[in-house]
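Here are a few friendly notes to read alongside the coordinates. Have a look at the chain first, and then go through the points in order.

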Amino acid sequence: MEGFAIVLYYSNMRSSAPGPAIRVYNLFGESGDLPDVVHCETIASRSVLHDWTLAVHRHARLHQVLLIERGGGEATLDGRVVPLRPMQIVNVPVGHVHGFRFVPDTQGWVLTIAAEILDEALLAAEGLRGALSQSAVVRGTPQIRATMKQIFAEHAARDFGRAHVLRALSSAMIGLVARALTGESGGNGTAESGLFRRFEALLEQHHLERWSVADYAGALSITPTHLNRITRAATGDTASHLILNRLIREARRNLVYTNLPVSTIAYALGFDDPAYFSRVYAAATGVSPRAFRAQLHDRRAPTYLRIRGAILWIEALYLRTIERRMRAP
């Protein structure tokens with residue numbers, strides 16, 4: 001979004017309603033907040049609580065990278081069972097179904113990044129999103145290991161500039177993971193992947209205009225059915241769901257980083273009826289926009305006060321952006 005700057009990311013990743021078999025979690029077994037730029041934990045810290053087995057589940061708005069240091073086991077990735085060995089990384093994109101069975105005393109790291117952070121870091125023209133959109137196990141590198149350790153050290157500390165450094169290190173990590181993924185797959189230069197990257201670029205350009213699946217398909221000179229095949233192949237999700245998720249992430253940013261009324265946010269996102277926007281938001285996240293903002297402020301009150309000036313500055317920039325768009329022909 002023009003003029004929009006990240007100060008600090010606080011997520012309120014509510015789980016959606018569970019399906020009959022595959023649970024949707026924030027982190028495994030949790031439905032509360034992801035209250036930081038990233039989440040860092042060792043493989044053992046959570047696995048030991050579940051007898052080293054994490055049943056199949058998915059994360060609605062979280063991307064995870066695991067690095068095996070010692071031990072191993074097996075990962076279930078969208079129905080595929082893949083063995084895990086030391087110095088391997090596991091890439092788990094947003095929304096992909098996955099589970100793990102680790103050998104007891106397995107050592108390693110789990111880095112969890114919110115989808116909103118990826119939106120800020122990934123540029124459509126660079127093609128990283130397409131590479132990162134596949135769940136896979138590939139060989140790690142010393143550089144990935146070193147970066148992972150840096151992220152964990154920074155996350156544990158509370159030094160000045162911590163959020164900025166964590167965002168920068170996380171961006172470096174996803175770049176290195178994308179490099180490892182494309183290195184083992186020999187790249188992804190097919191016509192289908194090219195169409196998906198073009199769809200991503202169009203989504204970034206037009207999500208505030210409320211384009212439909214048919215609009216995006218028309219801009220790509222393909223049918224809506226073909227577009228859905230492409231998005232399912234790349235992410236496991238439909239085009240309509242990706243469009244909705246992008247809009248919801250934009251709404252969350254505005255609710256977190258501005259004091260704009262919910263009705264103003266709704267109009268800025270292309271909704272004619274703020275009440276309808278609230279229903280769409282609640283259906284997608286499990287909480288209404290006002291309730292989300294109230295929970296956020298209640299839980300983050302001390303930090304919220306510290307960054308109050310920055311929020312007001314962002315709000316002014318955003319309002320100027322809205323004014324420019326309204327004046328544009």
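1. Let's start in the loop that joins α1 (43-47) to β3 (53-59), where Trp52 lies. Please bear in mind throughout that this is a predicted model. Trp52 is not a glycine, yet its phi is positive, at about 65 degrees. Is Trp52 buried or exposed? With a relative accessible area of 9%, Trp52 is buried, because the cut-off for that class is under 20%.

2. Another loop residue makes a nice companion. Asp105 sits between β8 (98-102) and β9 (107-114), and here too phi is positive in a residue other than glycine, near 70 degrees. The surroundings are another matter: Asp105 has 59% relative accessibility and so counts as exposed, the cut-off for that class being over 50%.

3. A positive phi also turns up at the end of a helix. Ser221, just after α7, has a phi of about 60 degrees. Within α7 itself (residues 213-220), the buried residues are Val213, Tyr216, Ala217 and Leu220. Viewed down the axis of α7, these buried residues fall within an arc of 100 degrees, so they line one face of the helix.

4. Now to α11, which is worth a look on its own. This helix has 12 residues, and the distance from its first C-alpha to its last is 16 Å, close to the 16 Å expected at 1.5 Å a residue. Which residues of α11 are buried? They are Pro274, Phe277, Ser278, Val280, Tyr281, Ala284 and Thr285. Down the axis of α11, its buried residues stay within an arc of 165 degrees and therefore line one face of the helix. Arg279 and Ala283, on the other side of α11, are exposed.

5. The partner to consider next is α9. Two packed helices are described by the angle between their axes and the distance between the axes. For α9 (residues 239-257) and α11 (residues 274-285), the angle is about 105 degrees and the axes are 11 Å apart. The two helices are therefore roughly perpendicular to each other, since angles of 65 to 115 degrees fall in that class.

6. Finally, do look at the side chains where these helices meet. From α9 come Leu244, Ile248, Ala251, Arg252 and Leu255, and from α11 come Phe277, Val280, Tyr281, Ala284 and Thr285. What is the make-up of the contact of α9 with α11? Its residues divide into 8 nonpolar, 1 polar and 1 charged. On the α11 side, Phe277, Val280, Tyr281, Ala284 and Thr285 also appear among the buried residues of that helix.

Technical notes
Residues numbered from 1 in each chain as written. Predicted model: local features only at pLDDT ≥ 70, side-chain atom pairs only at ≥ 80, totals over all residues. Heavy atoms only, no water. Axes fitted to C-alpha atoms, helices over the stretch in contact; angles between N-to-C directions. Helix = DSSP H or I, 4+ residues; strand = E, 2+ residues; numbered from the N terminus. Parallel < 35°, antiparallel > 145°, perpendicular 65-115°, else oblique. Contact = heavy atoms within 4.5 Å. Nonpolar A, V, L, I, M, F, W, Y, C, P; charged D, E, K, R; others polar. Expected span 1.5 Å × (residues − 1). Buried < 20%, exposed > 50% of the residue type's maximum accessible area, 1.4 Å probe, protein only. Arc of directions from axis to C-beta.
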